[in-house]
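Colleague: I have a few questions about this model before I go back to the bench. Can we go through it together?

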Amino acid sequence: MRPLFDIHCHGALGHEFGGSVEGNRIAAAHHRDAGTTTLLASLVSGTPDTMERSVRSLAPLVADGTVAGIHLEGPFLSHERRGAHDPGVLTDPDPALIDRLVDAAGAPGVLRQMTFAPERPGAQALVDALVAHDITPAIGHTDADAATVTATIGHVVERSGRPALVTHLFNGMPPMHHRAGGPVAAALTAAARGEALVELIADGVHVHAEVVRMVFETVGPQAIVLVSDAMSATGLADGPYRIGELAVEVIDGVARLTEGGSIAGSTTTLSGCVDWCIEQVGLAVDDVFEAASSTPARAVGVDAAP
């Protein structure tokens, strides 16, 4: 079996990462049993107290190797492009919160990546704080223009010496337009010159097959990170669920916010994404596995399990 490394995953079997330690283990086991050999546990935006509790509940799983680290998706995100994040907890970047969460983690290397919107005031100082703690800065849930994203990617590369990460390209950002390329154009341009790695949610819902093929043929698997963005309904039937404090309805396997209808993560595993890329998109097997293993490992500085 080839290794698979999912760096963006929120839960499974009714359990959202960051809840109880037992629930965290049940969710992680589902993804492991489905073929994900290495996993980051993703947390949605919350209050500082909520995020600290969530980090503390996941730290034991990092310590024993059940998960390879934690991904903080927020709370420094754009209101306009928040997707399934609670608007009431979104705020401007605060390096003091990073220090607090690092302390809650109890050891270096527990927090592996953080998604933020580069247009929010204080984003540059946030990048400096993340790099100082060896946390990969990830640009996402952003309404920024291309120039802002390009400048932030350059700052990440200068400070860290590594490519910047872009959270689920196309989702949580304005669509690329020929008169306003936005984050998509900036990210693809940076990826083509080796300065960025771009996530793709390859579940057949978030991004169309022809667009996934275009990205692979434009920047190559060495610049692409396949992710599941799986939420708590993964492995279960349609019905009502929650993501953070927000109500979600899953219909025909597609999770959407009950209020507003925004897509609220996926209900598939990384192995399901790999199968879809091979069988439905028609990508080369070796390219797909590179994007689902070695590239994500390089993105967050963690070795993928053999």
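Modeller: Yes. One term to start with: a residue counts as buried when its relative accessible area is under 20%. Keep in mind that this is a predicted model.

Colleague: Fine. What share of the 306 residues counts as buried?

Modeller: By that cut-off, 55% of the 306 residues are buried.

Colleague: And the overall dimensions, what does the C-alpha trace span along its principal axes?

Modeller: About 45 × 45 × 40 Å. The radius of gyration is 17 Å, which agrees with the value near 19 Å for a compact globule of 306 residues.

Colleague: How many helices and strands are there?

Modeller: The protein has 10 helices and 13 strands. Take the contacts between residues at least 6 apart in sequence: 72% of those join residues at least 24 apart.

Colleague: On to the inside. How many residues are in the largest nonpolar core?

Modeller: That core has 44 residues, and Ile7, Leu169, Val212, Ile224 and Leu226 have the most contacts inside it. At least two residues each come from β8, α6, β9, α7, β10, α8, α9 and α10.

Colleague: Which of them gives the most?

Modeller: Helix α8, with 6 residues.

Colleague: You listed Leu169. What is Leu169 in contact with, leaving aside neighbours within four places in sequence?

Modeller: Its partners are Val184, Ala187, Leu188, Val198, Glu199, Leu200, Val207 and Val215. Apart from the largest core lies another one, with 42 residues, including Ala41, Leu101, Ala123 and Ala230.

Colleague: Why would nonpolar side chains be buried together?

Modeller: That is a general tendency of nonpolar side chains in soluble globular proteins.

Colleague: Change of topic. How many salt bridges does the structure hold?

Modeller: There are 11. One of them pairs Arg100 with Asp49, with the closest N and O atoms 2.4 Å apart. Arg100 is in helix α3 and Asp49 is in helix α2, so this pair ties together parts that are 51 residues apart in sequence.

Colleague: Are those two buried or exposed?

Modeller: In between. Arg100 is partly exposed at 30% relative accessibility, and Asp49 is partly exposed at 43%.

Colleague: What does Glu52 form a salt bridge with?

Modeller: Arg56, where the closest N and O atoms are 2.9 Å apart. Both residues lie in helix α2, 4 residues apart, about one turn of the helix. Glu52 counts as buried because its relative accessibility is 16%, and the cut-off for buried is under 20%. Arg56 is partly exposed at 45%.

Colleague: And Arg162, which residue is its partner?

Modeller: Asp134, with the closest N and O atoms 3.7 Å apart. Arg162 lies in the loop between α5 and β8, and Asp134 in the loop between α4 and β7, so the pair ties together parts that are 28 residues apart in sequence. Arg162 has 24% relative accessibility, which counts as partly exposed, and Asp134 is partly exposed at 41%.

Colleague: Which residues do shared salt-bridge partners join into one network?

Modeller: Asp49, Glu52, Arg56 and Arg100.

Colleague: Last topic, rings. How many aromatic pairs does a search of the whole structure find?

Modeller: The search finds 0 aromatic pairs.

Colleague: And what lies over the face of Phe289?

Modeller: Arg2 does, at 4.6 Å from the ring centre.

Note on methods
Residues are numbered from 1 along each chain as its sequence is written. This is a predicted model: local features need pLDDT of at least 70, side-chain atom pairs count only at pLDDT 80 or more; totals for chains, interfaces and linings use all residues. Side-chain values use heavy atoms; hydrogens and water are left out. A salt bridge is a side-chain nitrogen of Lys or Arg within 4 Å of a carboxyl oxygen of Asp or Glu. Buried means under 20% relative accessible area, exposed over 50%, partly exposed in between (1.4 Å probe, protein chains only). Rings of Phe, Tyr and Trp (its six-membered ring) pair if their centres lie within 6.5 Å; planes under 30 degrees apart count as stacked, over 60 as edge-to-face and the rest as tilted. A charge sits over a ring if NZ of Lys or CZ of Arg is within 6 Å of the ring centre and within 35 degrees of the ring normal. A nonpolar core is a set of buried Ala, Val, Leu, Ile, Met, Phe, Trp, Tyr and Cys residues joined through side-chain atoms within 4.5 Å. Contact means heavy atoms within 4.5 Å. The radius of gyration is taken over C-alpha atoms; the globule rule is 2.2 Å times the number of residues to the power 0.38.
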